[in-house]
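Here are my notes on this one, in the order I'd go through them with the viewer open. Shout if anything reads oddly.

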Amino acid sequence: MNKPLSYLERSNLAKHPLAKDLFQLMEDKKTNLCVSADLSSTKEILSLVDEIGPDISLLKTHIDIVQDFNTSFIADLKKLSDKHQFLIFEDRKFADIGNTVLHQYSGGIYRIAAFLQKLFDLTTIVECSHRCSSAIYNP
């Protein structure tokens with residue numbers, strides 16, 4: 001039976017820079033723990049994240065359920081990500097026809113595209129409608 005590859009070995013084999021970074025992070029922190037912050041208050045999320053940040057590699061968020069969402073929350077979450085060295089994964093599950101996904105991604109009250117690169121390291125896309133849906137993410 002083959003011995004499983006270490007995170008460092010996986011990092012060295014990974015082709016995508018984000019995969020390399022995540023495997024390296026898991027190696028450095030000695031954890032692959034991902035926590036889903038399914039909370040509806042910025043205060044609750046920031047408090048939880050500051051407490052568990054040292055012990056996680058990835059934080060999964062659902063920004064659309066945060067009742068008191070504001071742009072300072074984004075900055076505060078990013079500071080905690082930098083402080084505790086974890087990646088942030090926004091679980092949007094974009095799934096619709098290409099044009100609708102484009103509007104969800106680039107418009108609306110959450111302005112996902114506007115702060116995606118400032119905060120989120122990963123965002124889910126459910127490719128189920130048309131090939132043009134993925135084209136908006138990789139022009």
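1. Where do Asp82 and Lys78 both lie, and how many residues apart are they? Both lie in helix 4, four residues apart, which is about one turn of the helix. Keep in mind throughout that this is a predicted model. The two side chains form a salt bridge, with the closest N and O atoms 3.3 Å apart. As for burial, Asp82 is partly exposed because its relative accessibility is 43%, between the 20% and 50% cut-offs. Lys78 is partly exposed as well, with a relative accessible area of 25%.

2. That pair is part of a short list: a search of the whole structure finds four salt bridges. Another of them joins the side chains of Asp50 and Lys83, at 3.1 Å from N to O. Here the pair links distant parts of the chain, with Asp50 in helix 3 and Lys83 in helix 4, 33 residues apart. Lys83 counts as exposed, since its relative accessibility is 56% and the cut-off is over 50%. Asp50 has a relative accessible area of 33%, so it falls in the partly exposed class.

3. Have a look at Lys60 and Asp91 too. Their side chains meet in a salt bridge, again given as 3.1 Å from N to O. Lys60 belongs to strand 2 (residues 58-61) and Asp91 to strand 3 (residues 87-94), so this pair also links distant parts of the chain, 31 residues apart. Are these two charged residues buried or exposed? Both Lys60 and Asp91 are buried.

4. Lys60 also comes up when you check how strand 2 is packed. Both faces of this strand are covered. On one side sit Leu58 and Lys60, on the other Leu59 and Thr61, and all of them are buried. Strand 2 runs parallel to strand 1, and four bridges join the two. Within that pairing, Val35 has Leu59 of strand 2 as its bridge partner. To get from strand 1 to strand 2 the chain passes through helix 3, making a right-handed β-α-β crossover.

5. Now for the inside. The largest nonpolar core has 17 residues, and those touching the most other members are Ile45, Val49, Ile56, Leu59, Phe73, Leu77 and Phe86. Strand 1 (34-37), helix 3 (42-52) and helix 4 (71-84) each give two or more residues to this core. In soluble globular proteins, nonpolar side chains tend to be buried together. Val49 is a handy residue to centre the view on: leaving out residues up to four places away in sequence, it touches Leu59, Leu77, Leu80, His84 and Phe86.

6. The histidine in that list deserves its own look. His84 lies in helix 4 and is buried, because its relative accessibility is 11%, under the 20% cut-off. What does the side chain of His84 make a polar contact with? The partner is the side chain of Asp50, at 2.7 Å. Asp50 is the residue that also meets Lys83 in a salt bridge. Beyond residues up to four places away in sequence, His84 touches Lys29, Val49, Asp50, Gly53 and Pro54.

7. Thr31 is another polar residue to check. This threonine sits in the loop between helix 2 (17-29) and strand 1, and with a relative accessible area of 14% it is buried. Its side chain reaches the backbone oxygen of Asp55 at 3.5 Å. Apart from residues up to four places away in sequence, Thr31 touches Met26, Asp55, Ile56 and Ser57.

8. Last, a couple of backbone angles. Most residues other than glycine have a negative phi, and most peptide bonds are trans. Lys30 has a positive phi, near 60°, and lies in the loop between helix 2 and strand 1. Lys30 counts as exposed, at 65% relative accessibility. Gln85 also has a positive phi, near 55°; this glutamine is in the loop between helix 4 and strand 3. With a relative accessible area of 45%, Gln85 is partly exposed.

Conventions. Residues are numbered from 1 along each chain as its sequence is written. This is a predicted model: local features need pLDDT of at least 70, side-chain atom pairs count only at pLDDT 80 or more; totals for chains, interfaces and linings use all residues. Side-chain values use heavy atoms; hydrogens and water are left out. A nonpolar core is a set of buried Ala, Val, Leu, Ile, Met, Phe, Trp, Tyr and Cys residues joined through side-chain atoms within 4.5 Å. Buried means under 20% relative accessible area, exposed over 50%, partly exposed in between (1.4 Å probe, protein chains only). Contact means heavy atoms within 4.5 Å. A polar contact is a pair of N or O atoms within 3.5 Å; within protein, one must be able to donate a hydrogen and the other to accept it, and residues adjacent in sequence count only if both atoms are side-chain atoms. Two strands pair if DSSP finds at least two bridges between them. A crossover is right-handed if, with the strands pointing away from the viewer, the path from the first strand over the helix to the second runs clockwise.
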